[in-house]
Amino acid sequence: MSVRHTVVVDRLKDWKWDIEGLELISANDYLTRQSAVQKRPMRIINLCRHYTYLSGGYYCSLLAEARNDIPMPTVADIVDLSRRSLYAFSLPDLERVLEQIIRRLAVPPEGSFELYIFFGHCDDPRFRRLAAEVFDLFRYPLLKLSVGQGKKGRTIRSIRPMGLHQVTATLGDFFEASLRSYARVPRRKRSGGRKPAIYDLAILYNPNEQLPPSDMEALERFIRAGKGLRVDVELIQKKDFSRLTEFDALLLRETTAIDNHTFRFARKAEAEGMPVMDDPKSIIRCTNKVYMWERLSAKDLPTPKTIPLNRLRFDEQVVRQLEEQLGYPMILKIPDGSFSRGMFKADNRGKVMEAAKALFARSRIILAQEFMYTSYDWRIGILAGKPIFACQYKQSRGHWQIVNHKADGSTIAGGFTTMRVEDAPAEVVDLALKAAALIGNGLYGVDLKQNERGVFVIEINDNPNLDHGVEDKVLKGELYDTIINEFIRRIEAIRTG
């Protein structure tokens, strides 16, 4: 089939469709390629992310005209929709058409609503006449029309161009049908197989990490879940930092720290407008137990009795105060420890001084905490403010932690029990939700202890374990579906503004 139209996009990954008869080219390639003598003008469909003055989208249309090609939108179209004051003259006529349509509808829309106009077609076919009128006035490939309810009837609040990246999964089929109709490209009969992916999710992991937050079996289930939800899931590593913008979202499945590449990945993703779990703010808040303790205390959420210690004001008098307030044994821990690392159990003054010396070598402030033994710790998984799993992690045999870190570098973990969230004590789940809300709206694992005195928050993890056969033991594949669906929701929320 001969090429009738050239489609220009900012990023090739924004293009999710298999439509024959179209030439696909990146904006950078189109802007830099040499103009050649052509028998007939090329029809340019400019689907760049932005059309503002002197942006890439603006220049694509400008150079298309300079090359005697036929762009959509033209530079004049871009100027016309750049400010409401420039297109306000057309609104009264469009609003009359809008009111005529609404008066004839048996069930008109209630309140304010939005219409998507792609290549002159409307996502709500009842308003196809209005869409045609708008497209006659403003020859943009993708438009979003916002309708408000005023005292005198419906008003058009705005007509805004859209970038291709704002075409969500729910609008994907409508976009393809509209483009095919405009470009007169019929749909080929499908020979079977699944539809192409709509989004790309990167999962950052380290294949050499000793205690990763997800084992390979869990990562493979993320990939499998993505296929069912039309999301391509790719495992990436530290060396893939330059590729991050190829993806639509990022999931961290490598232990996070402020001073390593995991934080740089999160910052980069956030700067690119990509959903990332967990986000930089959550990482900062969760990886420092001093911050966490301050936040929990300020909201009067119960925690084990905790006392921050300053290296410059630590002496035997301070230790005597710890003995009076916490008693023995007590726990000393560094603020950014993980997986039970960076923690010491001290049962006499000598061990307190020894542990403090080791920890102060790494941090100006450390924490002393009352020892609260329980045979297991609760872990409640929270995603976007909702609990998704409940686990009991049992203490390692003959040890006071759930993970026993041996001197030779080996580890011994205790057992676990996974249950439905509904079967966990309501007071445990409720406290976990309150604690997670102090951090943000991401993916967290809240650790709690429960004894005869009540329920206490131990810490909030920004990068909770999701291992096959443990956290997914009850929900199985549904756990991975839930997380990927949340990414889809966030991607589409960003793209629709």
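Let's start with a hairpin: strand 7 runs into strand 8 through a link of two residues. Keep in mind as you look around that this is a predicted model. Strand 7 covers residues 142-150, while strand 8 takes in residues 153-161. The two run antiparallel, and eight bridges join them. If you want one spot to find on screen, look for V147, whose bridge partner in strand 8 is I156.

Strand 7 has another partner too. Strand 5, made of residues 113-118, pairs with strand 7 over six bridges, again in the antiparallel sense. Here you can pick out I117, which stands opposite L143 of strand 7. So how many of the nine residues in strand 7 are buried? Seven are, which makes the strand mostly covered; buried here stands for under 20% relative accessible area.

Now move along the chain to an open sheet of five strands. Reading across, the order is 21-18-17-22-23, and the pairing is antiparallel. Why do strands 21 and 23 each have one side without a neighbour in the sheet? Strand 21 (416-419) and strand 23 (454-461) stand at the edges with a single partner strand each, so nothing in the sheet flanks their other side. From one strand to the next, the twist averages 25°.

Inside this sheet, strand 17 (residues 376-383) and strand 18 (residues 386-394) pair antiparallel over eight bridges. Look for W378, with Q392 of strand 18 opposite. Finally, find helix 14, residues 426-437, which packs on the sheet and touches strands 17, 18, 22 and 23. The direction of helix 14 makes about 135° with that of strand 22 (443-451).

Notes:
Residues are numbered from 1 along each chain as its sequence is written. This is a predicted model: local features need pLDDT of at least 70, side-chain atom pairs count only at pLDDT 80 or more; totals for chains, interfaces and linings use all residues. Side-chain values use heavy atoms; hydrogens and water are left out. Two strands pair if DSSP finds at least two bridges between them. Helices (H or I, at least four residues) and strands (E, at least two) are DSSP runs, numbered from the N terminus. Axes are lines fitted to C-alpha atoms, for helices over the stretch in contact, and angles run from 0 to 180 degrees between N-to-C directions. Contact means heavy atoms within 4.5 Å. Buried means under 20% relative accessible area, exposed over 50%, partly exposed in between (1.4 Å probe, protein chains only).
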